[in-house]
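User: I'd like to learn how to read a structure like this one. Could you walk me through a few features?

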Amino acid sequence: MLLVGFVAVPGLKAQNDLQISKVFDQYGERKGVVMVELTDEMLDGYDFSLFKSITIKNNPTAADFIRKCLQKDQVGAKKVKQVVANGVPTSIYLQLPRKGQLYRLILFNEVLNAERKITLIYIESKNDSEDVLKLILKKK
Amino acid sequence: MDNSMRIKINNRISNSEADSLIEKYYEGLTTGDEERQLKAFLSKRNLPDKYKPEQAILGYFDRKAPKKHVSLLPYIRWASVAAVVVLGLFSIQRFTADNKANYAFIDGHKVSNMHTIKSQALASLMDVSSSTNEVEEGFKSLNENESIEQQLDVFSSTEK
């Protein structure tokens with residue numbers, strides 16, 4: 001039972017198999033960073049099983065690290081959208097393979113202005129990720 | 001207190017008294033109290049050898065009361081099971097607590113106010129969704145460029 005408890009804990013967190021989980025671990029509690037985690041919460045009318053976001057400003061190292069993580073995570077994922085500026089991806093939407101009943105999405109954006117704000121979002125939802133994307137698009 | 005003292009005193013019998021009690025014992029005439037006195041006498045150490053047969057018969061020859069063997073194994077087994085159950089529940093509870101976490105870290109400071117957390121979450125969603133504008137604008141401008149190229153193609157075709 002103890003073994004099951006310890007083995008099940010990491011297994012149940014679906015984002016743990018992703019490289020981007022390292023971004024949240026490494027940068028989440030730093031200065032100049034905003035990290036959010038919401039579990040089983042309604043967010044503006046939408047039911048997310050898990051919502052994780054991280055916003056980092058003026059940190060090109062973090063941006064490069066995120067891009068490297070995304071390169072690995074996009075293997076087997078459906079690339080919904082990608083914007084490349086000067087050969088560097090600045091916006092990436094990934095639809096990941098389902099994990100059990102959960103649809104999973106990764107959204108990344110870097111604003112190429114003086115602030116160079118990077119936003120990385122990881123979403124798990126029981127609802128179709130297409131619907132989640134529609135919701136996000138609706139917000140613009 | 002008097003009773004216990006009396007019993008204690010009564011239990012102390014001399015060798016000659018013991019001899020007579022032994023005789024009575026063999027004849028089957030001893031009372032319960034007398035047998036207890038005799039047993040107490042025979043259980044003493046350093047008695048003359050002549051009492052050894054009686055000690056053997058009455059079963060008091062250096063015999064100690066058998067110690068009750070208390071095995072700790074079942075207790076250890078149950079304690080182990082209980083510990084495993086408690087730890088298992090603790091790890092599941094800990095996982096559940098972690099999994100149900102709603103929090104934000106702003107500049108390294110943990111925030112648990114739901115309103116702030118949700119507004120930060122929405123802000124990050126807005127950041128990403130605003131990029132969708134950029135994407136669409138990119139597509140739009142791409143389409144515009146394509147239409148310019150098409151228009152230029154029209155001119156180039158007329159030149160031919």
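**Reading helix pairs, cores and loops**

Analyst: Happy to. The crossing of α2(B) and α3(B) is left-handed. Keep in mind as we go that this is a predicted model.

User: How do I describe two packed helices in general?

Analyst: Two packed helices are described by the angle between their axes and the distance between the axes. Here, helix α2 (residues 15-27) of chain B and helix α3 (residues 32-42) of chain B have axes that come within 10 Å and cross at roughly 125°. The two helices α2(B) and α3(B) are therefore oblique to each other.

User: Which residues in α2(B) and α3(B) meet?

Analyst: From α2(B), the residues are B:A18, B:L21, B:I22, B:K24 and B:Y25, and they meet B:E34, B:E35, B:Q37, B:L38 and B:F41 in α3(B). Sorted by class, this contact has 6 nonpolar, 1 polar and 3 charged residues.

User: What does the rest of chain B look like?

Analyst: Chain B has 6 helices and 2 strands, and from the N terminus on its elements run α-α-α-α-α-β-β-α. Of the 160 residues in chain B, buried residues make up 12%. Taking contacts in chain B between residues at least 6 apart in sequence, 15% join residues at least 24 apart.

User: Let's try a helix pair in chain A. At what angle do the axes of α2 and α3 of chain A cross?

Analyst: The axes of helix α2 (residues 20-27) of chain A and helix α3 (residues 60-73) of chain A cross at roughly 155° and come within 8 Å. That makes α2(A) roughly antiparallel to α3(A), because the angle is over 145 degrees. In this contact, A:I20, A:K22, A:V23 and A:Y27 of α2(A) meet A:A62, A:F65, A:I66, A:C69, A:L70 and A:D73 of α3(A). By class there are 8 nonpolar, no polar and 2 charged residues.

User: And how should I think about a nonpolar core?

Analyst: In soluble globular proteins, nonpolar side chains tend to be buried together. In this model the largest nonpolar core has 40 residues, and A:M35, A:I54, A:I66, A:I106 and A:L120 touch the most other members. Take A:M35: leaving aside its neighbours within four places in sequence, A:M35 is in contact with A:F24, A:G28, A:I54, B:A104 and B:F105. There is also a second, separate core of 6 residues, which includes B:A18, B:L38, B:F41 and B:L42.

User: Is A:Q71 buried or exposed?

Analyst: A:Q71 sits in helix α3 of chain A. With 12 C-beta neighbours inside 10 Å, A:Q71 counts as exposed, because the cut-off for exposed is 12 or fewer. Along the chain A:Q71 and A:I20 are 51 residues apart, yet their C-alpha atoms are separated by 9.9 Å.

User: One last feature: backbone angles. Which residue in the loop between β3 and β4 of chain A should I look at?

Analyst: Look at A:N86, which is in the loop between β3 (78-85) and β4 (88-99) of chain A. A:N86 has a positive phi of about 50° although it is not a glycine. A:N86 is exposed, with 6 other C-beta atoms within 10 Å.

User: What about the loop between β1 and β2 of chain B?

Analyst: There, between β1 (103-106) and β2 (109-111) of chain B, you will find B:D107. B:D107 is not a glycine, although it has a positive phi of about 55°. B:D107 counts as exposed, with 11 C-beta neighbours inside 10 Å.

Methods. Residues numbered from 1 in each chain as written. Chains lettered and ligands numbered in written order. Predicted model: local features only at pLDDT ≥ 70, side-chain atom pairs only at ≥ 80, totals over all residues. Axes fitted to C-alpha atoms, helices over the stretch in contact; angles between N-to-C directions. Helix = DSSP H or I, 4+ residues; strand = E, 2+ residues; numbered from the N terminus. Parallel < 35°, antiparallel > 145°, perpendicular 65-115°, else oblique. Left-handed = near helix turned anticlockwise from the far one by under 90°. Contact = placed C-beta atoms within 7 Å. Nonpolar A, V, L, I, M, F, W, Y, C, P; charged D, E, K, R; others polar. Buried ≥ 20, exposed ≤ 12 C-beta atoms within 10 Å, placed from the backbone. Core = buried A, V, L, I, M, F, W, Y, C linked by C-beta atoms within 7 Å.
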